[in-house]
Amino acid sequence: MIYVLYFIVLLICVYTIRHYGFTLNRLFGFQRHPYIDIDTADWPAVTILVAAHNEEKVVANILSALMTVSYPEEKMLVVPVNDRSTDRTREIIDEFVERYPGRIRPFHRTQGKGGKAAALKDAMELVTTEVILIFDADYIPGAGIIKQLVAPFFDPEVGGVMGRVVPLNVGANLLTRLLDLERSGGYQVDQQARMNLRLVPQHGGTVAGVRLSALREIGGWNDNSLTEDTDLTYRLLLHGYKTAYQNRSECYEEVPETWTVRIKQIMRWAKGHNQAMVTYGLHLLAGKHRATLRERIDGTLLLGVYAMAPITLIGWILALLVFYEGIAPLHGVIAILSITAYAALGNLAAFFEIAAAVRLDGMRRRVCLLPFLVLGFGVSIFSVTRAAVTQIRDAITGAEFHWDKTERFRKAS
Amino acid sequence: MGQDGEIPEGIVNPYLAVSALVGVVGTMTLLPLIPALIELRRKSDAAPLNVIQQHAGEIRYFAQSFRSYMQELEPVLRQCAASGTNASGVLPHGDEYVALGRGDGELLQALAERDATHPVVIVAGVDLLAPAATTFSREVFSSGRFLGGEKSNYRAILAEREVHLGASSCVMRWVHAVGPLTAERGCKLYGRASSDAAIRLHADCSFLRLNAPRIEIGEAANPSVLPATSPADLSPQTTHRFFHDGDFEIQPDEVIRGNLVVRGRLRIGSGARVSGSVKSTKDMTLENGVAIAGSLISAQGMRIGRDCAVHGPVIAEHAIFIAAETCCGNAQNPTTVSAPEIEIEEGAQVFGTLWARESGRVVLRT
């Protein structure tokens with residue numbers, strides 16, 4: 001029991017160091033934005049896939065925004081992927097098709113396997129361009145974002161690109177404000193630090209792009225994956241393609257406004273991530289492929305992020321058992337010093353990261369909400385653990401995964 | 001305290017002690033939540049992060065904003081130009097201006113002399129002829145040509161026709177010419193320099209960000225002469241990708257049909273041609289006469305030899321050297337050349353954007 005606890009403590013320390021490393025890199029390290037200066041070029045043709053499943057409240061916003069972006073019209077085709085919608089999504093899309101002839105080619109899917117990856121897979125029959133961009137229907141792209149997301153594809157080593165997601169409905173309630181802080185930490189620090197350090201920036205599946213030839217080389221969209229974005233990140237990596245993160249390619253999204261929706265969302269992410277960990281983890285770390293040593297290490301740690309929640313919970317339980325069993329894990333003074341050091345530094349790692357991100361964003365007062373993040377982390381740790389437990393149970397019983405669409409809160413325009 | 005070390009009864013009430021402990025711990029726990037609760041209630045910083053692009057990154061953004069700002073002075077400028085008189089006043093944001101109907105050096109000399117103590121925005125409805133060794137610490141606008149003398153310093157210049165900067169002049173923030181922009185020997189162009197026609201930089205000029213349909217370096221750059229090898233001769237680009245771990249060399253005159261990714265150093269031999277894009281994770285060297293139909297990307301430095309032609313963007317994460325007679329982009333398909341440090345030889349040409357994040361320099365041809 002004591003050795004399991006040692007191992008868990010070691011894992012937590014590794015992730016703590018990782019948090020600090022990323023934050024210090026963002027604050028003091030060299031910042032890589034290699035493709036951001038490409039403002040003049042012979043821009044390639046691009047297909048923009050807009051994934052939409054019952055999105056009557058939001059789909060008009062993204063289509064309107066895409067019609068005003070600063071990309072050569074003749075080189076851009078918007079393909080709304082209407083995935084078995086039962087609301088007015090189809091009608092709204094068709095109105096836009098009429099209003100902008102030749103610029104929007106809809107893909108109305110009325111049957112087939114559920115899930116975004118399955119819908120995107122079917123929509124590939126309309127894609128002929130080498131560069132594909134993907135947006136979820138609740139996103140609102142800015143005018144310059146298409147060029148910014150296309151620019152990394154001039155690098156033949158880049159197979160995928162990811163922009164930055166920025167919550168739009170920040171002020172709705174405590175949850176949206178906490179999610180805003182979490183997103184800041186995740187993108188402004190985590191993703192950019194991984195880009196700086198040539199590690200593994202993660203493809204997010206929206207505000208993102210993929211190279212068609214790379215997608216074909218890795219076998220297309222994996223519709224068995226619960227999170228097609230994580231799956232894509234690792235398959236590209238194993239085939240020698242990079243995912244480029246563009247921190248300045250920001251795009252608004254709508255974050256969940258209720259805890260129920262948030263819990264469902266994070267549980268789906270956790271299950272997808274864990275699925276990718278089981279599928280690619282060992283091969284990434286020790287297999288023969290094109291990922292570099294630092295990508296192998298960082299990629300493995302990234303795969304383990306959601307597994308850390310149940311591991312931490314087990315660690316807490318073991319620590320209590322060790323205490324009540326009267327087992328002395330270390331010499332008393334060393335134990336006290338270690339616990340004090342961890343309490344002083346370790347627990348602060350994630351908070352430090354988010355505080356640094358907010359500072360980098362130049363938004364000072366929202367950092368006051370930092371103590372409330374304990375609440376968010378508490379909910380996450382139990383939701384992710386629950387997701388892991390149900391995932392194991394489903395694997396044993398053979399139960400099928402039910403894909404939950406994230407509910408929208410915006411009023412229809 | 002008693003002599004035996006015990007706490008005498010009656011001095012500390014145990015209930016009070018526990019209450020005090022709970023109170024202190026509770027206060028300390030809640031203390032960090034007070035600013036959080038105040039912020040949650042007041043929502044003083046609850047707006048979404050401002051990411052609506054105002055195109056401030058667009059190279060002509062400042063020039064266009066300044067032009068809009070100057071628009072209301074148009075009647076004054078027309079009147080001054082017609083009558084050959086001058087006028088002064090205050091712009092809506094409180095900036096003092098002088099509108100000139102004559103652009104002679106004598107008048108500008110007087111304005112430059114008082115610039116140190118009383119700088120004004122200079123707007124002219126005619127051509128401006130700025131004297132040598134003068135400083136203008138506010139923006140200068142000419143609705144005609146702007147011809148600057150040697151060793152002068154400017155904050156920003158906008159001209160509706162050509163801009164000519166005398167030798168060893170310096171522009172601190174931006175310069176935009178609707179016509180051609182020429183910087184004589186030893187000019188320093190900090191910030192943005194753009195033209196809707198062409199830019200010509202002479203030897204020893206330094207720059208950061210340039211954009212024009214055509215950027216010619218030195219007298220020797222002849223826009224009618226393109227490199228002997230042209231990427232246009234190559235077959236259409238393919239998506240096939242060659243991948244090589246370690247250093248790699250493309251042999252002279254070899255033709256590569258596809259994209260190439262090298263995890264190491266790359267040397268492209270003289271006269272070689274690539275129909276796709278090329279990436280190296282370490283230094284990249286192009287010998288003379290190489291043609292690339294796609295882009296050139298290096299995670300470190302890049303050295304491009306003479307008489308090369310590159311169709312797509314040229315990006316290096318450390319430094320780029322571009323030798324004479326080399327051409328990046330073309331008139332129909334302008335492109336971007338970008339690196340923290342750029343050295344470009346007289347005789348080279350770039351169509352589009354030439355962007356040195358830290359330092360760019362024109363060097364004499366070797």
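Domain bounds here come from an automatic or database domain assignment. The model shown in all views is predicted.

**View 1. The two assigned domains of chain B.** In chain B, domain 1 covers residues 61–197 and domain 2 covers residues 231–361. A distance of 38 Å separates the C-alpha centres of domain 1 and domain 2 of chain B.

**View 2. Surroundings of B:Q64 in helix α3 of chain B.** The helix that holds B:Q64 comprises residues 61–70 of chain B. B:Q64 has 14 other C-beta atoms within 10 Å; a residue is buried at 20 or more and exposed at 12 or fewer, so B:Q64 is classed as partly exposed. B:E39 lies 25 residues from B:Q64 along the chain, and the C-alpha atoms of these two residues are 39 Å apart.

**View 3. The contact between chain A and chain B.** Chain A contributes 36 residues to the contact, and chain B contributes 41 residues. On the side of chain B that touches chain A, two or more residues come from each of α2 (33–42), β15 (241–245), β18 (259–263), β30 (335–345) and β31 (349–363) of chain B. The largest share of this side, five residues, is given by α2(B). Sorted by class, the side of chain B that touches chain A consists of 19 nonpolar, 16 polar and six charged residues.

**View 4. Helix α9 of chain A, residues 259–286.** This helix has 28 residues and, at 1.5 Å a residue, should span 40 Å; the C-alpha atoms at its ends are 39 Å apart, so the expected span and the end-to-end distance agree. A kink of about 50° in α9(A) is centred on A:Y280.

Methods
Residues numbered from 1 in each chain as written. Chains lettered and ligands numbered in written order. Predicted model: local features only at pLDDT ≥ 70, side-chain atom pairs only at ≥ 80, totals over all residues. Helix = DSSP H or I, 4+ residues; strand = E, 2+ residues; numbered from the N terminus. Expected span 1.5 Å × (residues − 1). Bend = angle between axes of the 7 residues up to and from the residue. Contact = placed C-beta atoms within 7 Å. Nonpolar A, V, L, I, M, F, W, Y, C, P; charged D, E, K, R; others polar.
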